[in-house]
Amino acid sequence: MTPGTLLLVGRQTAESPQPIQTHAARLRDRNAAATVRVETYDETWDETVADTAPERADGSVLVVPLTVAYTNETRHVISTIARRWGDAVSLCDPIGHSPALTDIIAERADEHADRPSETSLLLVGLGSGSLSDQRRTVEYHEQRLRDRTAYDEVRSCYVLQDPVVECARYNVSNEAVVAVPVFVAPSPVTAETVPEKLDIDRDGIDYAAPIGAHEGLTDAIHAEVVRHRALEQLSDEHSADRVSRPPAVPARPVVTDGKGPSD
């Protein structure tokens, strides 16, 4: 068992509590940490939460953001939540950078695509006008899917930046299109905004489910926890080694008499 507390932090919507709790339950079953907890936030969240002390943690705390990539809002909120747990807390990067998500996206698409070689795969991300994290993460999976799957073409579009979701249908070359929302949890954006902007009924676009409670995401979280703890332990060992190691004895100066070195 990995020691300490594992804290999963994600957005709370009417659709999202179940995936977060599902990942937490699986991680408890796997003994991923001594304690696994969940904290959520929604559009009503404000910084007064920072004044509320959490329950006592079991050892050090590792915070895993259950978001594909940061926006300005999520970075601020998750960092504030993490600070509540005191000095013995460390923060992972958003889980969306995991290569395991490429396989999840492909699986979601394969549920709808009968002939991938004649199908366009469309990745839909949130995007951001001020941060590159969202776009960079989606483009990372786009390239991996292009290299590793049989889809005729793989393209990306975004809710908040170009190329926008509304025009996505005109940027693909196949009649058969499957769109996968690259979001961790279901939300009004994945359930309403994206389908409406894609106009999936009119244009005949197959629309897949977001990543949600897919067990592959639990695997990715667990792998990140193990990796992060191992790096922390290695760093602590190196620090302890530097402290305990006696200082080096300066070399005695070499004195010469013109004939050669002397001791």
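**Close-up views of a predicted model**

**View 1. The lining of the largest pocket combines twelve nonpolar, nine polar and three charged residues.** The structure shown in this and the following views is a predicted model. The largest pocket encloses a volume of about 480 Å³, and 24 residues line it, with R11, T67, L126, F183 and S187 lying nearest its centre. Strand β1 (5-11) and the helices α2 (72-83) and α5 (188-198) each supply at least two residues of this lining.

**View 2. The largest nonpolar core contains 38 residues, seen here around L8 and its contacts.** Within this core, the members that touch the most other members are L6, L8, V64, L121, L123, L217 and I221. Helix α3, which spans residues 100-110, gives the most to the core, with five residues. A second core, separate from this one, is made up of 14 residues, among them V159, V165, V194 and I200. When residues up to four places away in sequence are not counted, L8 touches I20, H23, A24 and L27, then R37, V38 and E39, and also V64, L66 and I221. Two of these contacts of L8, V64 and I221, are also named among the core members that touch the most others.

**View 3. L101 is a buried residue of helix α3.** The relative accessibility of L101 is 0%, and because buried means under 20%, this residue counts as buried. Leaving out residues up to four places away in sequence, the neighbours that L101 touches are I95, G96, H141, I211, L217 and A220. One of these neighbours, L217, also appears among the residues that touch the most other members of the largest nonpolar core. L101 and H214 are separated by 113 residues in sequence, whereas their C-alpha atoms are 9.7 Å apart in space.

**View 4. T137 and D133, both in helix α4, are linked by a polar contact from side chain to backbone.** Helix α4 covers residues 133-148 and holds T137, and D133 has its place in this helix as well. A polar atom of the T137 side chain lies 2.8 Å from the backbone oxygen of D133. T137 counts as buried because its relative accessibility is 12%, and D133, at 17%, likewise counts as buried. With neighbours within four places in sequence left aside, T137 is in contact with V68, A69, G96 and H97, while D133, treated in the same way, is in contact with A69, Y70 and R75. A69 is thus a contact of T137 and a contact of D133.

**View 5. E153, in strand β6, makes polar contacts with R155 and S173 through its side chain.** Strand β6 runs over residues 153-158 and includes E153, a residue that is buried because its relative accessible area is 12%. The E153 side chain reaches the backbone nitrogen of S173 at 2.6 Å, and it makes a further polar contact, at 3.3 Å, with the side chain of R155. E153 and S173 lie 20 residues apart along the chain, and their C-alpha atoms are separated by 8.1 Å. Residues up to four places away in sequence not being counted, E153 touches T119, S120 and L121, together with V172, S173 and N174. Of these, L121 is also one of the residues that touch the most other members of the largest nonpolar core.

**View 6. A cis peptide bond joins D162 and P163, and positive phi values are found at N31 and D199.** Most peptide bonds are trans, and most residues other than glycine have a negative phi. The bond between D162 and P163 is cis, with omega at about -10°, and P163 is found in the loop that connects β6 to β7 (176-181). N31, which is not a glycine, has a positive phi of about 55° and is found in the loop between α1 (17-29) and β2 (35-41). N31 is partly exposed, because its relative accessible area is 40%. D199, also a residue other than glycine, has a positive phi near 55° and has its place in the loop between α5 and α6 (200-203). At 29% relative accessibility, D199 counts as partly exposed, since that class lies between the limits of 20% for buried and 50% for exposed.

How values were computed
Residues are numbered from 1 along each chain as its sequence is written. This is a predicted model: local features need pLDDT of at least 70, side-chain atom pairs count only at pLDDT 80 or more; totals for chains, interfaces and linings use all residues. Side-chain values use heavy atoms; hydrogens and water are left out. A nonpolar core is a set of buried Ala, Val, Leu, Ile, Met, Phe, Trp, Tyr and Cys residues joined through side-chain atoms within 4.5 Å. Buried means under 20% relative accessible area, exposed over 50%, partly exposed in between (1.4 Å probe, protein chains only). Helices (H or I, at least four residues) and strands (E, at least two) are DSSP runs, numbered from the N terminus. Contact means heavy atoms within 4.5 Å. A polar contact is a pair of N or O atoms within 3.5 Å; within protein, one must be able to donate a hydrogen and the other to accept it, and residues adjacent in sequence count only if both atoms are side-chain atoms. On a 1 Å grid over the protein atoms alone, a cavity is a set of points where a 1.4 Å probe fits but cannot get out, and a pocket is an open set with protein on both sides within 12 Å along at least five of seven lines; lining residues have an atom within 4 Å of a point. Grid points are joined across faces, edges and corners, and a volume is the space filled by probe spheres set on the points. Ala, Val, Leu, Ile, Met, Phe, Trp, Tyr, Cys and Pro count as nonpolar, Asp, Glu, Lys and Arg as charged, and the others, Gly among them, as polar.
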